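Subject: Structure handover

Hello,

Please find the structure below. My notes on what was found in it follow.

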Protein chains: 2
Amino acid sequence: MTTTARASVQHEDDQVRVTRWDFEPGTRTGRHVHAYDYVVVPVVDGHISAFAPDGSVSESHLRAGQSYARPAGGEHDVVNTGGAWLAFVEIELKGSSPVS
Amino acid sequence: MTTTARASVQHEDDQVRVTRWDFEPGTRTGRHVHAYDYVVVPVVDGHISAFAPDGSVSESHLRAGQSYARPAGGEHDVVNTGGAWLAFVEIELKGSSPVS
């Protein structure tokens, strides 16, 4: 059974990296740190849970076309906790201060 | 009758401006010049036509979640030439060289 969301880089240049993420129900990104500020554009409605290293969980209801922006430095494992496939497009802003 | 697409700024900071565009069939952005490099994320499938000042027309079939990136400087009037409502989210990269 696949447990990992599928990442597809659609575009990358000096300024930006654009990655589409497809999640079957229950799949996850794996824990990662955001090196750059980023914008997320949901492609469909869905529900995700972001598990932080300190054990806290952040629940989000995604709506197609309702973007949100987040700063670099966040660390989490994002899981599709809805009952259906979901996808979003992540735009990482490489001009922002990188976080290692 | 409304002839203009509806623009909604969802986020703006020093690096980026994120604008959702909603187009009923036949509506248009109006002619504009892209001051910055930009990424477009279609929210639904659709068909657009971009009319350039020289009279040329560029036709594009949009697919939900299939983004594309374009450089600053493009000038056009974008029209929803499909039969249904469409929407996309535009991410302008303010770190790119501005074009006036």
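To begin with one pair of residues in chain B: Pro42(B) stands opposite Phe88(B), which belongs to strand 9 of chain B. Please keep in mind throughout that this is a predicted model.

The two strands behind that pair are strand 4 (residues 37–42) and strand 9 (residues 86–93) of chain B; they run antiparallel and are joined by 6 bridges. In general, strands of a sheet pair through backbone hydrogen bonds, in either a parallel or an antiparallel way.

Strands 4 and 9 sit in an open sheet of 5 strands in chain B, with the order 1-2-9-4-7 and antiparallel pairing. At its edges are strand 1 (6–12) and strand 7 (68–70) of chain B, each of which pairs on one side only. On average, neighbouring strands of this sheet are turned by 25 degrees against each other, if direction is ignored.

In chain A, strand 1 (residues 6–12) pairs with strand 2 (residues 16–23) in the antiparallel sense, over 6 bridges. These two strands of chain A form a hairpin, with 3 residues between them. Within this pairing, Ala7(A) stands opposite Trp21(A) of strand 2.

Next, the nonpolar cores. In soluble globular proteins, nonpolar side chains tend to be buried together. Here the largest nonpolar core has 18 residues, and those touching the most other members are Val16(A), Val41(A), Ile91(A), Val16(B), Val41(B) and Ile91(B). Two or more residues each come from strand 2, strand 4 (37–42) and strand 9 (86–93) of chain A, and from strand 2 (16–23), strand 4 and strand 9 of chain B. Another core lies apart from it and has 12 residues, including Val40(A), Ile48(A), Leu62(A) and Leu86(A).

What does Val41(A) touch, leaving out residues up to four places away in sequence? Within chain A, the list is Gly65(A), Ser67(A), Phe88(A), Val89(A) and Ile91(A). In chain B, Val41(A) touches Val41(B), Val89(B) and Ile91(B).

Last, how are the two chains related? A turn of 180 degrees, with a shift of 0.0 Å along the axis, lays chain B on chain A with an RMSD of 0.0 Å. This is the relation of a two-fold axis. The C-alpha of Val43(B) is the one in chain B nearest the axis, at 2.8 Å from it. Both copies use the same surface, as 100% of the contact residues of chain B recur in chain A.

Regards

Methods: Residues numbered from 1 in each chain as written. Chains lettered and ligands numbered in written order. Predicted model: local features only at pLDDT ≥ 70, side-chain atom pairs only at ≥ 80, totals over all residues. Heavy atoms only, no water. Pairing = 2+ DSSP bridges. Helix = DSSP H or I, 4+ residues; strand = E, 2+ residues; numbered from the N terminus. Axes fitted to C-alpha atoms, helices over the stretch in contact; angles between N-to-C directions. Core = buried A, V, L, I, M, F, W, Y, C linked by side-chain atoms within 4.5 Å. Buried < 20%, exposed > 50% of the residue type's maximum accessible area, 1.4 Å probe, protein only. Contact = heavy atoms within 4.5 Å. Least-squares fit on C-alpha atoms with pLDDT ≥ 70 in both.
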